[in-house]
Every structure is written in structure tokens, then in C-alpha cells.
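Let's walk through this structure together, one piece at a time. Have the viewer open and follow along.

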Amino acid sequence: MPPSPPTAPAESAAPQEVDADGAAASRPSAPDTPRRTRSRSLAALRRLALPFGSLLLFLVVWQAVANSGAWSETLVPPPAKVWDAFVAVSTTHDGVRGYNGTYLIEHLGISLRRIAFGAGIGIALGVLFGLVMGTVGWVRSLFEPWITFLRTLPPLAYFSLLIVWLGINEEPKITLLAVAAFPPVAVATTTAVAAAPLHLQEAARALGGSRRDVVRDVVLPSALPEIFTGVRLAVGVAYSSLVAAELVNGLPGIGGMVKDAANYNNTPVVLVGIAAIGISGLVIDGLLLWLERTVVPWRGRA
């Protein structure tokens, strides 16, 4: 019986481009199609539209509640009155500068300076204590219960004591903000340092690295993402303690303005102050997020 002819392959391999050295060359990626570009534009537009849409919905609901008459305008003033209050505290009217002789931006700037000094001191001390407690076991055992105790105390619990010790000027305000900002950073730094990969530390020691080198080159880069989280939490705690810090002799200052306006049932000015604190907090948190992405670009990557 004659042998059957060899069968041809069903599909021939597609020719592959090779470079001058004979190695396979990868083809350049295809440019973005119009559909892909359009989908990206729609996604960016959606990210911008959603916050503005939620703000618009909030204003509509607010106006509806104010018009319903369920509460008096002293309790729930309409948005127009709050806007008038914003204009009044931001300009000179009837010969009076802003609120209590100070513009809104000046009140906010004074409070932000207090937060910068107070929270800055607390954050710096928190990072230092966290590094030491995360690397030295007996120091952590000694100080961690005290930091936890301090973290559970509300600011008003010890503010009166700070006034007795330090007076009614800037010292108790700065100290209160520093004490409020210290525990979140210390706890986050301690936890992050203690969780640094042991195999990387052992590898660094095997290569001749000293304890200081291991902390600087292995432990600290590994802990930086969580340290930034602690910093953001500390700034938030400092902001939440701002009105408490400015309860006594807080004018000028945005927290003092809110407290003084509340004493006179001036709800529109209170809402203006709250909005100023919240918006400035959002801006600062956004700046911290940008700084984190710049300093710690490896966060979230395996």
C-alpha cells in the first residue's frame, strides 16, 4: 500500500518580526481609539460632575427644609442668609471689618497657623516616639499604655487644666492641638515600624548594615505609607479640636468666631465658620494625599 502523503498543518504560524540581532521585536501598541478617548473623557467628567451634583442636591434639600417652616430661621437659615453672612464677614460693612473687626480669611489664617504649630509639634513627636517604640520593645511597653490613655481623652477633658497651667494666651491652644495630634501618629508609626518585613531587615544585616542603616533604609521606607495615614488622622483630630482650643480668648480665630456667634444665636455666621473649617480641611487633606503620592509612590504596589 503506498504511503499517504504528509498532511499539511491546519494553520501556518504568523510571521514574526525580528530585529537586526535576530530577536523577536514587539510591535508598538496601537494608539488610543476614539472610543477609548471618549470613555476616558466621560469618566473624568463623571468624577467632576458627581461632587457638584451632590452639592446641588444638598442645597436644594436645605432650601426645601428652610421653606417648610418646620424650624425657625434661627435654627435653619436659608442658603441666601448664609451667603449674606459670608459676604458680611468677608467685607467691610457699616464701617465694621468682617466679624469683630477681622475678616473671615484672617480668622481662618490665624487658626491655620495655630494648627500648623500645634499639630506640627504633635506629628513630629509622634513620629519620633513611634520609631523608638516600634524598634525597642521595652520602650513600647513603657509608653504605649500612656499614649492609649491620652488618645481616649476628649480635648475638653484637659483643656481647663492647660489654661490653669499655661494661662489664656496662645500656649494652651498650641499645647492642646499638639496633644490631640500626637497619639494618632505615634500609634500608626509604632504599628508600621513593628510590621516591617523581617526578611528584609535580616538581609540588610547580613550585608553588613548597622541598626541605624536598617531603620533608615528598610524600616522607615516600609512604614512611610502608614505614617502618612497617621499624619492625615492627626490633622483631622487637630481640626476637630480647633473650636475647643479657641473656647477661651479665641478671637481672632475661626473657632473663636464660631463660638462667639453661637453665643448670640447667629446661626448664619456659625454655618459660615463651619464651612470654612471643612473646606480648608478638605484642601489640606488633598495636599497631604498629593504629598503622599509624591513621597511614597510605591504605596499599594506589591
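In this predicted model, the largest pocket is lined by 18 residues. Those nearest its centre are Val82, Leu271, Val272, Ala275 and Ile279, so you may like to select these five to find your way in. The volume of the largest pocket comes to about 550 Å³.

Which helices supply at least two residues each to the lining of the largest pocket? They are H1 (34-68), H2 (79-90), H3 and H11. H11 gives the largest share of that lining, with seven residues. As for chemical character, the lining of the largest pocket contains 17 nonpolar residues and one polar residue, with no charged ones.

Two of these helices, H3 and H11, are worth a look as a pair. H3 covers residues 104-135 and H11 covers residues 267-295, and the two pack with their axes 11 Å apart at an angle of about 55°. An angle that is neither under 35 nor over 145 degrees, nor from 65 to 115, counts as oblique, and H3 and H11 are therefore oblique to each other. The crossing in which H3 passes H11 is right-handed.

Now turn to the side of each helix that takes part. On H3, the contact is made by Leu104, Leu108 and Leu112; on H11, Val272, Ala276, Ser280 and Ile284 make the contact. Sorted by class, the residues of this contact between H3 and H11 are six nonpolar and one polar, and none is charged. Val272 links the two parts of the tour: this residue belongs to the contact with H3 and is also one of the residues nearest the centre of the largest pocket.

Methods: Residues are numbered from 1 along each chain as its sequence is written. This is a predicted model: local features need pLDDT of at least 70, side-chain atom pairs count only at pLDDT 80 or more; totals for chains, interfaces and linings use all residues. Side-chain values use heavy atoms; hydrogens and water are left out. Axes are lines fitted to C-alpha atoms, for helices over the stretch in contact, and angles run from 0 to 180 degrees between N-to-C directions. Helices (H or I, at least four residues) and strands (E, at least two) are DSSP runs, numbered from the N terminus. A crossing is left-handed if the near helix is turned anticlockwise from the far one by less than a right angle, and right-handed if clockwise. Contact means heavy atoms within 4.5 Å. Ala, Val, Leu, Ile, Met, Phe, Trp, Tyr, Cys and Pro count as nonpolar, Asp, Glu, Lys and Arg as charged, and the others, Gly among them, as polar. On a 1 Å grid over the protein atoms alone, a cavity is a set of points where a 1.4 Å probe fits but cannot get out, and a pocket is an open set with protein on both sides within 12 Å along at least five of seven lines; lining residues have an atom within 4 Å of a point. Grid points are joined across faces, edges and corners, and a volume is the space filled by probe spheres set on the points.
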